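Here is a short report on the structure shown below. It goes from one helix to the strands, then to the packing and the rings.

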Amino acid sequence: MRWPAALALCVACGGPRPAPTSAPPAPSPASTPEPTSDAADRWAIRGVELPGRGRVDVELRGGRIVAIGEVDAALPGEDARGRFIAPAFIDSHVHLAYWPKGQALLAGGVAAAVDLGAPLAWLDAPDVPPALRLIASGPMITARRGYPTRGWGADGFGHEVGGPREAAAAVDLLAEHGARVIKLPITPAPVLDAAALRAAVERAHARGLKVASHALTDAEARLAAEVGVDVLAHTPVEPLADATVAMWSSRAVVSTLAAFGGAPSTIDNLRRLRGAGARVLYGTDLGNTRDPAIARDELELLGAAGLDGAAIVAAGTGVPAAFWGLLDAEGRGPGALTIGGPASFLLLAEDPWTRPETLAAPVAVYIDGARQGGG
């Protein structure tokens, strides 16, 4: 049967798992057709296991999913029995101006990325493949001589301002250049004061933009919450007070656990933030880390922080897709497997709900119906 479009097949949603079934037959060596962007092109992935749903066929046309369930047996296609399917991932913290690995991200199974720090000229013309869906902040709005302008980001990765008026004007400037998120570093001095931070946040929200903050200590994370920041760009590394954790209960945090060595305090912070209700977004801080794909070490550390396989998949797919506004009104977009949505998915050797590390070694990666990578 065909499933109605209203049934968005989002493996990120979790939900009850079906009763175990007998092992499917091994996949055949049939070759995979090379999909094109031609709207008349039709082919199918046959007999693939959708975690939480069971075995399905997936019909593709013109780079989009047009049916899930039982599809026309006459269609050309790939026999995927014994394989599992999951949406391609979203990395919520990258630096592609610093380390331009957009094509490697696509090949590794990442369909969308959030770039949280790049020069203004790069924001005007991001050097990324057209297939990679991008949300970018441009330069961080920072204090004069503030982070990161005297270190790794000296070459335009920070936009220095003084007080509240300049901070608000900087938001307008970045928005006019295409920024879809604003990043405010809250670090040791020199750093913007609370009034300037709040002015930037308020202007960003007035323009419909979310605000992320680099804030690694308890005091910094608390200040970020007080001025209205929406998402922590990193899991803080210093142990958080219970009151600070509570302030983030309705907001979000990007994991980046491996970027700071997987310290026990960082892992515990993420566990507690998630337990309080904060949404967890998979992110690697690519550029400062060097695995341009779905990173095995990040997956393992998310598990150490208490996320099971379904929650890890969700942190890289449905949760960030909703948080960053990447889905349309019908729930279609990167990070979801939906009828009418992009054919951007991974074929996996094992069930990612029980073996999430399999996400780091996809058998095949398709982005908008075109094969990008895989084993």
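Helix α3 buries A167, A168, A170, V171, D172, L174 and A175. The model is a predicted one. Those buried residues pack against α2 (120-124), β9 (140-143), β10 (158-161), β11 and α4 (194-206). Helix α3 itself covers residues 164-176, 13 residues in total. Its first and last C-alpha atoms lie 19 Å apart, close to the 18 Å expected at 1.5 Å a residue. After α3 comes G178, with a positive phi near 105°.

**Strands**

One partner of α3, strand β11, belongs to an open sheet. The sheet has five strands in the order β11-β12-β13-β14-β15, and the pairing is parallel. β11 (181-185) and β15 (279-281) each have a single partner strand, so they stand at the edges and one side of each lacks a neighbour in the sheet. Strand β14 (residues 252-254) pairs with β15 over three bridges, in the parallel sense. There, V253 stands opposite V280 of β15.

Strand β16 (residues 345-348) is covered on both faces. F345 and L347 are buried on one side, L346 and L348 on the other. In a regular strand, side chains alternate between the two faces of the sheet. β16 runs antiparallel to the strands in the table.

| Strand joined to β16 | Bridges | Sense | Facing residues |
|---|---|---|---|
| β5 (residues 84-87) | four | antiparallel | A86 and L346 |
| β17 (residues 364-367) | three | antiparallel | Y366 and F345 |

**Cores and a buried glycine**

The largest nonpolar core has 77 residues. Which of them touch the most other members? They are L96, I141, I182 and L359. Leaving out residues up to four places away in sequence, L359 touches A86, F89, I294, L299, I312, V313, L346, L348 and P352. Two of these contacts, L346 and L348, are buried on one side of β16. L347, from the other side of β16, is in a second, separate core of 18 residues. That core also includes W43, L60 and I65.

G109 lies in the loop between α1 (102-108) and β7 (110-115). Is G109 buried or exposed? Its relative accessibility is 0%, so G109 counts as buried. Outside the residues up to four places away in sequence, G109 touches A88, F89, I294, L346 and V365. F89, I294 and L346 are also among the contacts of L359. The chain brings distant positions together here: G109 and P362 are 253 residues apart along the chain, yet their C-alpha atoms are separated by 7.5 Å.

**Rings and charges**

The count of aromatic pairs is eight. Take Y147 and W152: the ring centres are 6.3 Å apart and the planes are at 65°, so the pair is edge-to-face. An angle over 60 degrees is what gives a pair that label. Y147 is partly exposed, at 26% relative accessible area. W152 is partly exposed too, at 25%. Y147 and W152 form one aromatic cluster with Y98 and F157.

Charged ends also sit over rings. That of K210 is over the ring of F323, 4.8 Å from its centre. That of R251 is over the ring of W248, 5.2 Å from its centre.

Terms used
Residues numbered from 1 in each chain as written. Predicted model: local features only at pLDDT ≥ 70, side-chain atom pairs only at ≥ 80, totals over all residues. Heavy atoms only, no water. Buried < 20%, exposed > 50% of the residue type's maximum accessible area, 1.4 Å probe, protein only. Helix = DSSP H or I, 4+ residues; strand = E, 2+ residues; numbered from the N terminus. Pairing = 2+ DSSP bridges. Phe/Tyr/Trp six-rings, centres within 6.5 Å; stacked < 30°, edge-to-face > 60°. Lys NZ or Arg CZ within 6 Å of the ring centre and 35° of its normal. Core = buried A, V, L, I, M, F, W, Y, C linked by side-chain atoms within 4.5 Å. Contact = heavy atoms within 4.5 Å. Expected span 1.5 Å × (residues − 1).
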